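The following exercises concern the empty spaces enclosed within a protein. Please examine the sequence and the structure before attempting each solution.

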Amino acid sequence: MTVAPDPGGGRRQVAVLRFRLRNPPAHWWVLGTCLVLLCALIAFQGFCTHTIGAGTEAPVDLQAGAPLNGSRPLLVARGDHLWSPEPDPGRRIALTFDDGPEPRWTPKVLAVLQRNGVPGTFFMIGSQAVRHPDVVREVERGGHEIGNHTFTHSGMSTGPGWLRSAQVDLTEAVLVGITGHYSRFIRPPYSATSDAVTPSTERALAKAAGSRYIIALADYDSHDWQKPGVAEIIRNATPPAGHGGVIMFHDGGGDRSQTVAALARIIPRLRAQGYSFVPLRDMFGLTRTEAEPAAPWVQRARGTMFLWAVELAFWMTSALGWIILAVGILIAARVVIVASLAGVHVRRTRSRTSPEFQPSVAIVVPAYNEAVGIERAVRSLTETDYPGLEVIVVDDGSADGTGDLVEALGLPCVRLIRQANGGKAAALTTGVLATEAEVVVMVDGDTIFEHNTLTNLVQPLADPDVGAVSGNTKVGNRSGLLGRWQHIEYVMGFNLDRRMYEVLQCTPTVPGAIGAFRRAALLEVGGVSSDTLAEDTDLTLSIGRHGHRVVYTEDARAWTEAPATFSGLWRQRYRWSFGTMQAVWKHKGAMISRDPHDRRIGLRALPYMILFQILLPLVAPMIDLFALYGLIFGDAAPVLAFWLGFNALQLVIAVIAFRLDGQPLRPLWALPLQQFVYRQLMYVVIIESTISALIGARASWQTIPRTGDVELPPAPPPEVESSLA
């Protein structure tokens with residue numbers, strides 16, 4: 001019997017989807033705003049740092065001409081051209097330093113200047129000034145001048161005009177925020193002396209200078225950035241006899257030990273030759289007030305706020321970097337721990353009891369609107385090889401005729417119980433109370449058993465210490481990409497974790513699709529609680545806290561229909577993650593309990609769940625964000641290497657998991673694709689669940705749309721598993 005589709009159902013779903021997209025919940029607006037701000041901060045931090053280099057000079061195009069050749073270095077704009085009203089410097093020298101501030105070398109340069117009583121002019125990169133405001137203040141306290149060297153050491157003759165203007169304006173805002181003063185001097189990167197300025201560069205610099213700034217080049221370039229040796233730096237910086245001028249050094253952009261040593265020698269030498277050292281403003285005939293006018297309080301406040309914003313961007317990026325490092329360590333540790341303990345589990349389970357243990361068994365099937373697959377599921381349960389089986393189907397107020405379909409089957413060992421809708425936990429409790437069987441097996445309404453599933457499932461209960469057994473849930477509709485991704489997840493994550501949990505004796509979840517429970521243990525913990533949406537996790541934790549072992553048996557396979565649409569997957573995983581958080585919160589007392597049974601759950605299961613099922617998915621999106629950051633602002637090679645390494649690690653653990661589970665490796669071709677869509681969806685689900693938990697939202701048991709498309713492939717050869725171990 002099939003149920004005719006509702007012709008208006010699709011239109012209603014589309015209308016509901018459109019409404020939700022146009023009217024998202026308030027917390028999604030908040031989350032979206034935070035995400036946009038975070039992306040903006042990281043993007044700004046990338047802009048602040050990605051072009052900062054060692055201060056190398058750009059090559060001069062000799063064919064383009066040098067319109068300023070022979071001009072003095074201090075230039076002002078006249079239309080699209082530059083000219084210098086600077087008078088003859090005589091025997092005066094102005095020492096200038098580029099590419100700072102740098103916390104290691106700038107103080108050493110300052111120390112040399114202070115010992116010799118010499119002023120200096122420091123042309124600072126804005127993004128460096130943000131990083132080291134204390135060094136900027138130290139320069140100012142020493143009475144030295146501060147000039148503008150763009151925000152990221154970017155050339156001023158290339159790129160769009162707005163970006164060139166931003167390079168100057170952002171640096172000015174930073175310096176005003178730190179010092180409270182403007183600076184009228186700009187030194188363009190990659191244009192050391194007048195003869196290095198081409199016609200196109202002249203036009204760009206004239207536009208940047210306008211009527212406000214003075215372009216400050218140099219008469220003598222020490223070429224200290226090339227690290228040619230102290231003697232060569234002194235030779236390059238020494239002016240011809242009797243001629244003063246502007247000398248350019250560097251206090252940032254790399255190792256400046258040669259610069260410091262050369263400076264300490266050249267100052268006494270030039271002074272002995274009759275030269276005097278003056279601030280750069282003296283070369284132009286400006287007073288300090290004219291060269292560094294005080295900014296009004298509005299501009300100082302603006303600069304301070306901008307400075308805070310940039311510092312926050314750097315701090316956030318640094319903090320997120322540490323978070324990503326922690327995430328990487330956690331992922332690597334999980335791989336090692338899970339893979340190692342899974343091998344231990346395989347060796348231990350070889351000695352499990354043979355299929356001779358046959359307690360009385362009742363299978364409880366809670367069903368709510370499961371008309372699509374309930375008939376096939378119930379038939380598969382009754383066709384197992386287990387004797388004296390009782391199947392109890394609890395119709396929890398279905399509106400699609402689920403109960404009628406079960407009743408129409410007329411199977412002698414199947415009992416139907418109808419009740420008003422009360423949720424899955426209530427339906428399970430009804431089934432447990434309706435039987436006197438020693439073992440209660442709980443399955444979902446779409447679960448398909450193999451012929452020997454039930455026999456294999458109950459065997460571990462021959463050990464009186466075992467209170468519950470988790471079966472091996474398999475995805476039956478894996479032909480599509482979404483189903484294949486879930487199949488990979490079930491084998492890699494769920495089943496590997498259950499092997500580890502059993503070895504550590506702290507299993508937190510017996511899945512609702514297939515699980516066997518000693519009825520006495522169920523009654524001992526008060527049955528199935530409706531306190532959480534993850535009633536299977538809540539129940540399993542309670543059983544573990546009462547001292548019962550919970551084990552996993554991989555040869556008790558149950559085939560289930562995984563969600564076939566992203567909306568269905570969202571609803572399922574939201575219920576799982578939200579319910580898991582509820583269960584962790586409910587059983588948090590186990591983390592501080594002195595009871596040895598509680599401690600196994602509280603010190604093993606719960607911390608693992610908090611770390612890997614809640615916190616790690618919450619921060620894992622930072623990996624994707626930083627991958628984009630690296631591709632846009634940094635070197636793509638390390639990012640790609642990290643991504644390939646991450647996928648290689650995933651592939652290794654996947655191969656181990658598939659081999660242990662006796663599964664063919666063919667579906668793993670979809671594993672790299674899983675990193676682009678599926679993983680991000682799971683992260684968003686966790687984030688939504690966390691927000692819902694924090695604001696105290698409530699949720700109810702919802703059905704997932706079924707298609708009945710469950711296929712049971714042939715059983716794998718038995719020697720596959722033994723060959724690995």
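Helices (H or I, at least four residues) and strands (E, at least two) are DSSP runs, numbered from the N terminus. The model is predicted.

**Exercise 1.** Determine how many cavities of 30 Å³ or more a search of the whole structure finds, and state the volume of the largest cavity.

*Solution.* Step 1: The search yields four cavities at this cut-off of 30 Å³ or more. Step 2: For the largest cavity, the volume is about 90 Å³.

**Exercise 2.** Describe the lining of the largest cavity by residue, by element and by class.

*Solution.* Step 1: The lining comprises 15 residues, of which Leu428, Met442, Gly512, Glu535 and Asp536 are the closest to the centre of the cavity. Step 2: At least two lining residues come from each of helix H15 (424-433), strand S14 (439-443), strand S17 (514-518) and helix H19 (535-545). Step 3: H19 contributes the most, namely three residues. Step 4: By class, the lining holds nine nonpolar, two polar and four charged residues.

**Exercise 3.** Which residues line the second largest cavity, and which elements each supply at least two of them?

*Solution.* Step 1: The second largest cavity contains about 80 Å³ of space. Step 2: Its lining consists of Glu502, Gln505, Cys506, Thr507, Gly544, His548, Arg549, Val550, Arg600 and Ile601. Step 3: Strand S18 (549-560) and helix H21 (596-619) each provide at least two residues of this lining. Step 4: Sorted by class, the lining of the second largest cavity has three nonpolar, four polar and three charged residues.

Key: Residues numbered from 1 in each chain as written. Predicted model: local features only at pLDDT ≥ 70, side-chain atom pairs only at ≥ 80, totals over all residues. Heavy atoms only, no water. 1 Å grid on protein atoms, 1.4 Å probe; cavity = no way out; pocket = protein on both sides within 12 Å on 5 of 7 lines; lining within 4 Å. Points joined across faces, edges and corners; volume = space filled by probe spheres on them. Nonpolar A, V, L, I, M, F, W, Y, C, P; charged D, E, K, R; others polar.
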